[in-house]
Amino acid sequence: MEDNQIIDRVIRGDVDAYSQLIDKYKRLVLSVIFQITRNREDAEELTQDVFVRVYTKLKTHKRDSKFASWLYRIALNAAISKKRMKAERKIDIGNLNENIPEFEVEDSLRKMERDERDLAIGRAVDQLEAEEKLLISLKYYNDCSVMDIAGITGQSESNVKIRLFRIRKKLYAKLHPLLKQLNSIAI
């Protein structure tokens, strides 16, 4: 059943129909929120809050945009607000040379065991800003298209493409020292 059909049923009073939307989107909403808050308990609590807020505002959803985009935008705003309230300090990673050759990082990643590679990538992603984490999460962890990401974030598709390119370059720059550190520990 299409999202708009489910929404119509919910608006007409079928509260049980809302569980279909929750089941369909809860994992992705949780993932988006977790990428920003980096705290499982906060992410789970915020996910519940987001679905309660969406339920109360469902009548205001404009049908000209995708329900998923509207939902993710609400989740994104909730996560960013929570992060601001906690006033977490950013990790100072100093000046990074973003001109590291990509092949050098890719070669190092290929030589690593999967767990080590995942650890290195996770550490690099953790050092990104909240919105950068969101974009990476949507694109690579949730397999969203550039068009969907643009709808969720309210940015143009070309801006999303440029931002993803710059974030990948930033990740390469962050991965380079992490890979050297992990390789020196393994020796």
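## Where α2 meets α7

In this predicted model, four residues of helix α2, namely S31, V32, Q35 and I36, meet A130, K133, L134, S137, L138 and Y141 of helix α7. Sorted by class, the residues that form this contact are six nonpolar, three polar and one charged. The axes of α2 and α7 lie 8 Å apart and make an angle of about 145°, and the crossing of the two helices is right-handed.

An α-helix has 3.6 residues a turn, so residues three or four places apart point the same way. With that in mind, it is useful to look at the numbering of the contact residues, which in α2 include S31 and Q35, and in α7 include K133 and S137. On the α7 side, the buried residues are E132, K133, L134, L135, I136, S137 and L138. Just after α7 comes D143, whose phi is positive, at about 55°.

## The overall fold

The chain contains nine helices and zero strands, and its pattern, read along the sequence, is α-α-α-α-α-α-α-α-α. Of its 187 residues, 40% are buried. When the contacts with a separation of 6 or more are taken together, 66% of them join residues that are 24 or more positions apart.

## Helix α2 and the residue after it

Helix α2 covers residues 18-37 and has a kink of about 50°, which is centred on Y25. Its buried residues are Y18, L21, Y25, L28, V29, L30, S31, V32, I33, Q35, I36 and T37, and the residue at the centre of the kink, Y25, is therefore one that counts as buried, that is, under 20% relative accessible area.

What value does phi take at R38, just after α2? It is positive, at about 55°, and R38 is a residue other than glycine. Most residues other than glycine have a negative phi. R38 is placed in the loop between α2 and α3, and it counts as partly exposed because its relative accessibility is 31%, which falls between the limits of 20% for buried and 50% for exposed.

## The largest nonpolar core

The largest nonpolar core has 47 residues, and the members that touch the most other members are Y25, V29, V50, V54 and F67. At least two residues of this core are supplied by each of α1 (3-11), α2, α3 (40-57), α4 (67-86), α6 (114-126), α7 (130-141), α8 (146-153) and α9 (157-186). Which helix gives the largest share of the core? That share comes from α4, with 10 residues.

Two of these members show how the core is joined across the sequence. Leaving aside neighbours within four places in sequence, V50 is in contact with V29, I33, L71, I74, A75 and A78. F67, found in helix α4, is in contact with D3, I7, L21, Y25, V54, L58 and H61, when neighbours within four places in sequence are again left aside. F67 counts as buried because its relative accessibility is 3%, which is under the 20% limit. The C-alpha atoms of F67 and N4 are 7.7 Å apart in space, although the two residues are 63 residues apart in sequence.

## Two partly exposed residues

Is N77 buried, partly exposed or exposed? N77, which lies in helix α4, counts as partly exposed because its relative accessibility is 38%, a value between the 20% and 50% limits. Its C-alpha atom is separated by 9.6 Å from that of V50, and the two residues are 27 residues apart along the chain.

D126, placed in helix α6, is likewise partly exposed, with a relative accessible area of 31%. D126 and I36 are 90 residues apart in sequence, while their C-alpha atoms are 9.3 Å apart in space. I36 also belongs to the residues of α2 that meet α7, and I36 is among the buried residues of α2.

Notes: Residues numbered from 1 in each chain as written. Predicted model: local features only at pLDDT ≥ 70, side-chain atom pairs only at ≥ 80, totals over all residues. Heavy atoms only, no water. Bend = angle between axes of the 7 residues up to and from the residue. Buried < 20%, exposed > 50% of the residue type's maximum accessible area, 1.4 Å probe, protein only. Core = buried A, V, L, I, M, F, W, Y, C linked by side-chain atoms within 4.5 Å. Contact = heavy atoms within 4.5 Å. Axes fitted to C-alpha atoms, helices over the stretch in contact; angles between N-to-C directions. Left-handed = near helix turned anticlockwise from the far one by under 90°. Nonpolar A, V, L, I, M, F, W, Y, C, P; charged D, E, K, R; others polar.
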